[in-house]
Amino acid sequence: MPFARLATATTPTCHIGLGLAAVGRPGYINLGREEDLGTDRSVAALRTRTHELLDAAYAQGVRYFDVARSYGRSEEFLADWLTARPGIDDVVIGSKWGYTYTAGWSADAETHEVKDHSVQTYDRQRAETAELLGDRLDLYQIHSVTPDSPALTDKELHARLAEAAATGITIGFSTSGPAQADAIRAALAVTVDGEPLFRTVQSTYNALETSAGPALAEAHDAGLTVIVKEGMANGRLAAPHAPDVVRAVAEETGLGCDAVALAVVLRQPWAGVVLSGAATIAQLASNLHAAVVDLDADQLSRLATLVEEPRAYWERRGSLPWH
């Protein structure tokens with residue numbers, strides 16, 4: 001397991017990863033994107049921004065970097081950064097397949113990505129990822145598995161993934177939607193030749209959406225590394241959009257709303273890596289303070305009142321516009 005490398009790291013930030021969904025393409029659903037990225041969203045501008053973020057993250061102890069085929073040119077930007085820094089050999093690189101980026105570098109595209117978990121899409125995207133990341137790829141994840149995903153039952157696909165695992169690539173999956181727990185439990189039951197196929201799971205978990213928690217604990221107990229995405233609910237838990245409770249706790253701790261939101265996730269005993277989706281170096285620095293936030297019982301109790309019903313949460317997320 002590549003994540004065993006993190007067990008020897010001594011920095012408090014080693015269990016915070018950097019996801020490049022917000023900077024690998026000009027359009028995304030995070031709140032506050034206009035202020036974060038400004039008007040220059042050219043390929044060159046976002047490549048430079050991505051490299052600056054990666055440099056800052058690595059310097060501050062971050063050792064997991066997360067991309068996907070559908071995150072615009074995120075794999076390309078990360079590959080360029082790795083090539084220019086051949087001495088960096090202690091990072092873990094994860095990517096995902098299953099969505100195809102279709103926006104053509106436009107923030108106003110009618111369709112930004114198309115989901116397809118077929119063997120044909122896997123074969124195509126695996127080759128595309130290999131061309132960019134080569135042997136630097138540690139983890140390849142099925143993107144956004146839901147209970148009805150054919151990826152859970154396609155034996156031919158499972159065999160292909162097992163072949164990749166035999167070459168040393170860790171195979172994982174990510175989840176989305178109100179039935180994440182069902183998808184996680186179904187994936188835990190997938191085996192090839194009697195052996196579990198998946199070694200990691202990446203799911204949405206935050207102060208508003210906690211429904212996957214028990215299933216993620218089960219995955220952790222089964223030996224999977226748990227990666228948490230959307231810890232700030234696409235900006236809903238970050239200033240200036242954070243609920244009053246988060247603002248109050250942030251004031252008490254002397255740190256940002258984002259640090260408080262990520263600290264809620266980091267304290268979960270099953271959370272192996274918690275992703276920052278920072279789009280600026282200042283955001284990244286604030287996110288990384290989550291590693292030293294010490295929430296007391298009263299603060300945790302107040303933050304627990306924020307939990308939403310899963311379907312309401314995902315309906316709200318689905319209504320967020322692409323900026």
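**Exercise 1. Is S74 buried or exposed, and which residues does S74 touch?**

Solution. Begin with the accessible area: S74 has a relative accessible area of 0% and is therefore buried (buried means under 20% relative accessible area, exposed over 50% and partly exposed in between, with a 1.4 Å probe and protein chains only). The model is predicted, so local features need pLDDT of at least 70 and side-chain atom pairs count only at pLDDT 80 or more, while totals for chains, interfaces and linings use all residues. Residues are numbered from 1 along each chain as its sequence is written, and side-chain values use heavy atoms, with hydrogens and water left out.

Next, place the residue: S74 belongs to helix α4 (helices are DSSP runs of H or I with at least four residues, strands are runs of E with at least two, and both are numbered from the N terminus). Then list its contacts (heavy atoms within 4.5 Å): leaving out residues up to four places away in sequence, S74 touches L20, G24, V67 and A68. Finally, look for T50, which is 24 residues apart from S74 along the chain, and find that the C-alpha atoms of the two are separated by 8.2 Å.

**Exercise 2. Describe how α3 packs against α4, and sort the residues of the contact.**

Solution. First take the geometry: helix α3 (residues 43-59) and helix α4 (residues 74-84) pack at an angle of about 55°, and their axes are 10 Å apart (axes are lines fitted to C-alpha atoms, for helices over the stretch in contact, and angles run from 0 to 180 degrees between N-to-C directions). This angle makes α3 oblique to α4 (under 35 degrees counts as roughly parallel, over 145 as roughly antiparallel, 65 to 115 as roughly perpendicular, and the rest as oblique). The crossing of α3 past α4 is right-handed (the near helix is turned clockwise from the far one by less than a right angle, and anticlockwise in a left-handed crossing).

Now name the residues: on the α3 side they are V43, L46, R47, T50, H51, L54, D55 and Y58, and these meet E76, F77, L78, D80 and W81 in α4. Sorted by kind, the residues of this contact are seven nonpolar, two polar and four charged (Ala, Val, Leu, Ile, Met, Phe, Trp, Tyr, Cys and Pro count as nonpolar, Asp, Glu, Lys and Arg as charged, and the others, Gly among them, as polar).

**Exercise 3. Carry out the analysis for α7 and α8.**

Solution. Helix α7 (residues 180-188) packs with helix α8 (residues 213-221) at an angle of about 20°, with 8 Å between their axes. The two helices are therefore roughly parallel to each other, and α7 passes α8 in a left-handed crossing. From α7 the contact takes A181, I184, R185 and L188, and from α8 it takes P214, A215, L216, E218 and A219. The residues of this contact divide into seven nonpolar, no polar and two charged.

**Exercise 4. In what order do the strands close into a barrel, and where does β3 stand in the structure?**

Solution. Follow the eight strands round the barrel: the order is β1-β2-β3-β6-β7-β10-β11-β12, with parallel pairing (two strands pair if DSSP finds at least two bridges between them). On average, neighbouring strands of this sheet are turned by 25° against each other, direction ignored.

Then examine β3 (92-97). Strand β2 (residues 64-66) pairs with β3 in the parallel sense over three bridges, and Y64 has V92 as its bridge partner in β3. From β3, V92, G94 and K96 point one way, whereas I93, S95 and W97 point the other way, and all are buried. Because six of the six residues of β3 are buried, this strand is largely enclosed by the rest of the structure.

Continue to the next pair: strand β6 (residues 139-145) and strand β7 (residues 170-175) are joined in the parallel sense over five bridges, and the partner of V145 in β7 is T175. Last, add the helices that cover these strands: helix α5 (residues 119-133) lies across β3 and β6 and runs at about 150° to β3, while helix α6 (residues 155-166) lies across β3, β6 and β7 and runs at about 130° to β7.
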